[in-house]
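User: Hi! I am new to protein structures and would like to learn how to read this one. Could you take me through it?

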Amino acid sequence: MNIVFFGGAFNPPHLGHLLIAQQVLDFTRTDQVWLLPNYGQIPPKINVASAKDRLLMTKLLETKRIKICDLEIVHKLSGDTIDLLPFLPKEHTYHFLIGSDWLGRMDEWGDWQTLVKKLPFYVFPRQGYEQPTLPKGMSAIDSPLLTTTNTSSTKIRERIKKGLSIDVFVPAGVAEYIADHALYRG
């Protein structure tokens with residue numbers, strides 16, 4: 001099976017994540033996308049919900065072909081993707097997905113040159129970020145039907161702090177979870 005890891009904080013997970021995951025399925029030879037909430041934060045971030053909360057919210061995005069992978073959280077990994085490799089089931093083929101906004105910051109990733117040799121990357125375009133020539137081991141996801149968005153977890157957290165609705169940005173279950181657990185209120 002061809003698996004694409006879509007890693008991140010998912011702080012909170014939102015419909016933009018689903019939009020990207022579905023398009024990975026549509027425009028690559030991928031059987032499943034595994035959403036991979038991280039345990040550690042590299043680089044460290046502020047206003048992060050607990051790993052448990054982020055995992056439970058991310059599970060609300062699951063579909064038949066979009067699954068949740070809790071390996072980073074279960075093994076309490078640092079957030080360096082290379083640390084994940086020994087835990088991957090050997091029977092699958094893997095790619096890792098990043099947004100084009102990460103291309104200029106790959107030096108923040110632990111041992112990324114080795115990582116790309118062991119785990120090829122797909123790069124999804126992000127609004128406002130040009131996609132330069134990609135390093136070896138990285139492939140752009142591209143199609144005239146591709147849809148991008150500037151929806152971000154940061155903007156959603158800011159909306160919550162200001163008391164604004166997030167209903168059109170997150171699945172109903174995620175909005176309910178955030179409200180029930182009083183997340184991101186500041």
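Analyst: Happy to help; below we go through some questions and answers about this model, which is a predicted one.

User: Great! Let's start with strand 2: how many of its residues are buried?

Analyst: A good way in is to take the two sides of the strand in turn, because side chains in a regular strand alternate between the two faces of the sheet. On one side of strand 2 sit Gln32, Trp34 and Leu36, and on the other Val33, Leu35 and Pro37; both faces are covered. The count of buried residues in strand 2 is therefore 6 of 6, with buried meaning under 20% relative accessible area.

User: How many bridges join strand 1 to strand 2, and which residue of strand 2 is the bridge partner of glycine 7?

Analyst: Strand 1 and strand 2 run parallel, and 6 bridges join them. In strand 2, glycine 7 has as its bridge partner leucine 36.

User: Is the crossover from strand 1 to strand 2 right-handed or left-handed?

Analyst: Follow the chain as it leaves strand 1: it passes through helix 1, residues 15–27, and then reaches strand 2. That makes a β-α-β crossover, and its hand is right-handed.

User: And which residue of strand 3 is the bridge partner of valine 33?

Analyst: Strand 2 also pairs with strand 3, in the parallel sense and over 3 bridges. Within strand 3, the bridge partner of valine 33 is isoleucine 66.

User: I like aromatic rings! What is the angle between the planes of phenylalanine 5 and tryptophan 34?

Analyst: The structure holds 5 aromatic pairs, and this is one of them, with 5.6 Å from centre to centre and an edge-to-face arrangement. The pair links distant parts of the chain, since phenylalanine 5 is in strand 1 and tryptophan 34 is in strand 2, 29 residues apart. Both phenylalanine 5 and tryptophan 34 are buried. The angle between their planes is 80°.

User: Which residues form one aromatic cluster with Phe5?

Analyst: We have just met one partner of phenylalanine 5 in an edge-to-face pair. The cluster that holds Phe5 is completed by Trp34 and Tyr94.

User: Now for charges: what ties arginine 126 to aspartate 101, and how far apart are the closest N and O atoms?

Analyst: Arginine 126 sits in the loop between strand 5 and strand 6, and aspartate 101 in the loop between strand 4 and helix 4, so the pair ties together parts that are 25 residues apart in sequence. Arginine 126 is partly exposed at 28% relative accessible area, whereas aspartate 101 is buried at 13%. The link is a salt bridge, with the closest N and O atoms at 3.1 Å.

User: Where does the salt bridge of lysine 161 and glutamate 158 lie?

Analyst: This is one of the 2 salt bridges in the structure, and its closest N and O atoms are 3.4 Å apart. Lysine 161 is partly exposed at 42% relative accessibility, and glutamate 158 is partly exposed at 36%. The two residues are 3 apart, about one turn of the helix, and both lie in helix 5.

User: Which residue lies over the face of tryptophan 102?

Analyst: Look for a charged side chain above the ring. At 3.9 Å from the ring centre of tryptophan 102 lies arginine 105.

User: Is the peptide bond from asparagine 11 to proline 12 cis or trans?

Analyst: Most peptide bonds are trans, so this angle is worth checking. Proline 12 is placed in the loop between strand 1 and helix 1. Omega for the bond from asparagine 11 is near 5°, making the bond cis.

User: Last one: phenylalanine 10 and lysine 76 both have a positive phi, but is each buried or exposed?

Analyst: Most residues other than glycine have a negative phi. Phenylalanine 10, in the loop between strand 1 and helix 1, has a phi of about 50°, while lysine 76, in the loop between helix 3 and strand 4, has one near 50°. With relative accessibility at 2%, phenylalanine 10 is buried. At 57%, lysine 76 is exposed.

Methods: Residues are numbered from 1 along each chain as its sequence is written. This is a predicted model: local features need pLDDT of at least 70, side-chain atom pairs count only at pLDDT 80 or more; totals for chains, interfaces and linings use all residues. Side-chain values use heavy atoms; hydrogens and water are left out. A salt bridge is a side-chain nitrogen of Lys or Arg within 4 Å of a carboxyl oxygen of Asp or Glu. Helices (H or I, at least four residues) and strands (E, at least two) are DSSP runs, numbered from the N terminus. Buried means under 20% relative accessible area, exposed over 50%, partly exposed in between (1.4 Å probe, protein chains only). Two strands pair if DSSP finds at least two bridges between them. A crossover is right-handed if, with the strands pointing away from the viewer, the path from the first strand over the helix to the second runs clockwise. Rings of Phe, Tyr and Trp (its six-membered ring) pair if their centres lie within 6.5 Å; planes under 30 degrees apart count as stacked, over 60 as edge-to-face and the rest as tilted. A charge sits over a ring if NZ of Lys or CZ of Arg is within 6 Å of the ring centre and within 35 degrees of the ring normal.
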